[in-house]
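Welcome, and please open your viewer. This tour tells you what to select at each stop and what you will find there.

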Amino acid sequence: MFCRSFCFFSLCLFLPTERASLAHLPNMRSSDMTSLPGFENLTMGYNKYLRPYFGGEPVQIAMSLDIASISSISESDMDYTATIYLRQRWTDPRLVFHGNKSFTLDARLVELLWVPDTYIVESKRSFLHDVTVGNRLIRLFSNGTILYALRITTTVACNMDLSKYPMDTQTCRLQLESWGYDENDVMFTWLRGNDSVHGIEKLRLSQYTVERYYTLVSKSQQETGSYPRLILQFELRRNVLYFILETYVPSTLLVMLSWVSFWITLDSVPARTCIGVTTVLSMTTLMIGSRSSLSKTNCFIKAIDVYLGICFSFIFGALVEYAVAHYSSSQKCAAKGPANELTKEMEEVNITNILNSSITSYKRKISFTSIEISSDNVNCSDLTMKTHEKIKFVLRNKMHRIISYFTIQNPSNVDHYSKLLFPLFFMLVNVFYWAYYLYF
């Protein structure tokens, strides 16, 4: 009862407005209005504020899409901008006319018809093209079917996972939903399933390739009801060749350039220092340049950041290797003097011990009739070491052994082993890196 009262009230309220709007159409005579099929129905109780089958079954709205272009895909803003042709079909029994023809009407007549309140979910910016006139199409069929087409450019949010950038594959969506009418009033369907979408397989993007796409029919559960939703989901695979030539190859060559210092002698301090510092600075510049294009996504640890960090570590390691080798060489040269003095001191101690043992043996085992040697005649106090000197000697000997344990005996071997170990470890790290990011 309430629904019928509301319907009667709506008809009484809006019908004069429709007639008034038709009356203001310029240069249109009554004979012209009645000659257009279905147009006379607009003057006989048609109300654009009431959907077809009002109070009854929901309106079946079939949709199809043409993707004209995807002009930009922004990783920093996490969105994409696309120009689409949206076509909607539904049947309005109030516009049925005799015959089997269809008529294309002026797009400005859409203001006199009921149209679905379709909107693009997660759209940031959208606009309808209006050059030279509003890019809209109204086509009326004899069975009351209406084709309503629009040309729209929209910027839609697309949540991206950039952890594998630039070897990533992104999944984006274009979702169409009814704003005010729930599933009791309208039902959204794709006109021909996946074949309802055209043009997406022919897109040529600068950094991406469309791998696959598919359509879905879903519902959006809101506090005010359940609303029909159509989803176009497509996967974009990034073309990694550009990044290989732009970033990966230069960073790898810088790592190989840092290995040249291993073939330069330790005495060539300016040459090896220049190579090390130059490669470190070049690598730093390359890292800054790669991150500047994605300034708003620095919170992500991307695959390219990991590789650049690996390359920087190897280059910095080559510079540290020369510092260690050169320091060890200088320490070895400086340690030759104290080592000689310690050797002489040890020789003197050994001579003292030999003399003490020799005199004792000589006293016990050898005797001469003509000469009697007494221990009182030999003063050995000058040939023995005092207690504090012995402790000092032992501690010095222990410290020398500890230092020698951590001291590189042959600094030239550092370069010899680095020539083999640095390239070997770099190759192993590359194998694990590419295997992980390409296959996992």
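A residue counts as buried when its relative accessible area is under 20%, as exposed when over 50%, and as partly exposed in between (1.4 Å probe, protein chains only). Before you start, note that this is a predicted model, in which local features need pLDDT of at least 70 and side-chain atom pairs count only at pLDDT 80 or more, while totals for chains, interfaces and linings use all residues. Residues are numbered from 1 along each chain as its sequence is written, and side-chain values use heavy atoms, with hydrogens and water left out.

**Stop 1: aromatic rings**

Select Trp114, which counts as buried at 2% relative accessibility. Rings of Phe, Tyr and Trp (its six-membered ring) pair if their centres lie within 6.5 Å; planes under 30 degrees apart are stacked, over 60 edge-to-face, and the rest tilted. By this rule there are 22 aromatic pairs. In one of them, the ring centres of Trp114 and Tyr181 are 5.8 Å apart and the planes are at 65°, so this pair is edge-to-face. Trp114 sits in the loop between β3 and β4 (118–121), and Tyr181 in the loop between β8 (169–178) and β9 (186–190), so the pair ties together parts 67 residues apart in sequence. Helices (H or I, at least four residues) and strands (E, at least two) are DSSP runs, numbered from the N terminus.

Now select Tyr307 and Tyr433. Their ring centres are 5.1 Å apart with planes at 50°, so the pair is tilted. Tyr307 lies in helix α5 and Tyr433 in helix α8 (residues 412–439), so parts 126 residues apart in sequence are tied together. Tyr307 is buried at 3% relative accessible area, and Tyr433 is buried at 5%. To see the aromatic cluster they belong to, add Tyr248, Trp434, Tyr436, Tyr437 and Phe440.

**Stop 2: along two helices**

Stay with helix α5 (residues 303–334) and pick Asp305. Is Asp305 buried or exposed? At 15% relative accessibility, Asp305 counts as buried. Contact means heavy atoms within 4.5 Å; not counting residues up to four places away in sequence, Asp305 touches Arg291 and Phe300.

Move on to Met287 in helix α4 (residues 269–292). Met287 is partly exposed, with a relative accessible area of 24%. Leaving aside neighbours within four places in sequence, Met287 is in contact with Leu308 and Phe312. If you measure from Met287 to Ile304, C-alpha to C-alpha, the distance is 9.2 Å, with their places 17 residues apart in sequence.

**Stop 3: paired strands**

Two strands pair if DSSP finds at least two bridges between them. Show β3 (residues 102–105) and β6 (residues 136–141), which pair in the antiparallel sense over four bridges. Leu105 has Ile138 in β6 as its bridge partner. Next add β7 (residues 145–157), joined to β6 by five bridges and running antiparallel to β6. Here Leu137 stands opposite Ala149 in β7. Zoom in on the hairpin that β6 and β7 form: three residues lie between the strands, and Gly144 in the turn has a positive phi of about 90°.

**Stop 4: a charge over a ring**

Finish with Arg94 and Tyr46. A charge sits over a ring if NZ of Lys or CZ of Arg is within 6 Å of the ring centre and within 35 degrees of the ring normal. Arg94 lies over the face of Tyr46, at 4.3 Å from the ring centre.
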